[in-house]
Amino acid sequence: MIKASVLRYAAIGMATVSLAGFAAASTVTVSNTGPDSEQKTKLINTNKVKAKNTNNVGVGNVSAQQAKTGKVKANHNTSVDGDLASGTADNNNTTTTDVILSNSAANGGGNGNWLNGDSDVSYDTTGPGSTQKTVIKNSNSVKTTNNNNVEVLNLNHQSAKSGNVSANGNTTVGGLTSGDANNTSDTATTISISN
């Protein structure tokens, strides 16, 4: 009488993120066993992956600029020579913000795959009354938690004023000129998170 019992059990834990790869190859071969022999084979393949990535990024760019040129006055003069000019008022603001987030799912192998080695169990020509028992267990558990909280605030407040020019009650007045008022702001923010 030939009696053979083979039990194969595979349990795969579902992960909270997509599992890139899972493979467990097992081969069981039972042939030409002896009378009253008993063969038991138990294969357990378990993989459990849990990954949590939380990224909170807040970027605030605030720019308040004010540029004023001076006042030029020439009143009640017999003659005014030259140009009466107030300088230019310029505001320049350049803001560049780059946010790059890259979160990869955790996996047992570290490279996108968890591969168990091949399990090969073979019973061939066992003797009378013999008993064979084989247990193969492959287990993998990975838990990754990444919390990234980044806050960036770029605040720019500029004020530029040129002086006042005034000429009153003069017989002759030359050129009256107020200087330029300029504001320039350059802001560059780069945030790179890779988990």
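Is serine 162 buried or exposed? Start with the whole chain, then come back to this residue.

The model is predicted. The protein has 13 strands and zero helices. Read from the N terminus, its elements run β-β-β-β-β-β-β-β-β-β-β-β-β. Many of its contacts link distant parts of the sequence: of those with a separation of 6 or more, 86% join residues 24 or more positions apart.

Next, the surface. The protein has 195 residues, and 25% of them count as buried. It exposes about 12400 Å². Carbon and sulfur atoms supply 45% of that area.

Now find serine 162. Look in the loop that follows strand E9 (131-161) and precedes strand E10 (165-168). Serine 162 has a relative accessible area of 15%. Buried means under 20%, so serine 162 is buried. Which residues does serine 162 touch, leaving aside its neighbours within four places in sequence? One group is Lys68, Thr69 and Gly70. The other is Ser178, Gly179, Asp180 and Ala181. With serine 178 there is also a polar contact, side chain to side chain, at 2.8 Å.

Valine 99 offers a contrast. It sits in strand E7, which spans residues 89-102. Its relative accessibility is 40%. That value lies between the 20% and 50% cut-offs, so valine 99 counts as partly exposed. Valine 99 also belongs to a nonpolar surface patch. Val59 and Leu101 complete the patch, which covers about 210 Å².

So the two residues part ways: serine 162 is buried, whereas valine 99 is partly exposed.

Note on methods: Residues are numbered from 1 along each chain as its sequence is written. This is a predicted model: local features need pLDDT of at least 70, side-chain atom pairs count only at pLDDT 80 or more; totals for chains, interfaces and linings use all residues. Side-chain values use heavy atoms; hydrogens and water are left out. Helices (H or I, at least four residues) and strands (E, at least two) are DSSP runs, numbered from the N terminus. Buried means under 20% relative accessible area, exposed over 50%, partly exposed in between (1.4 Å probe, protein chains only). A polar contact is a pair of N or O atoms within 3.5 Å; within protein, one must be able to donate a hydrogen and the other to accept it, and residues adjacent in sequence count only if both atoms are side-chain atoms. Contact means heavy atoms within 4.5 Å. Patches are made of residues with over 30% relative accessible area and no salt bridge: like charges are joined within 9 Å, nonpolar side chains (Val, Leu, Ile, Met, Phe, Trp, Tyr) within 5 Å. Accessible areas come from the Shrake-Rupley method with a 1.4 Å probe; for residues, only the protein chains shown count as cover. A salt bridge is a side-chain nitrogen of Lys or Arg within 4 Å of a carboxyl oxygen of Asp or Glu.
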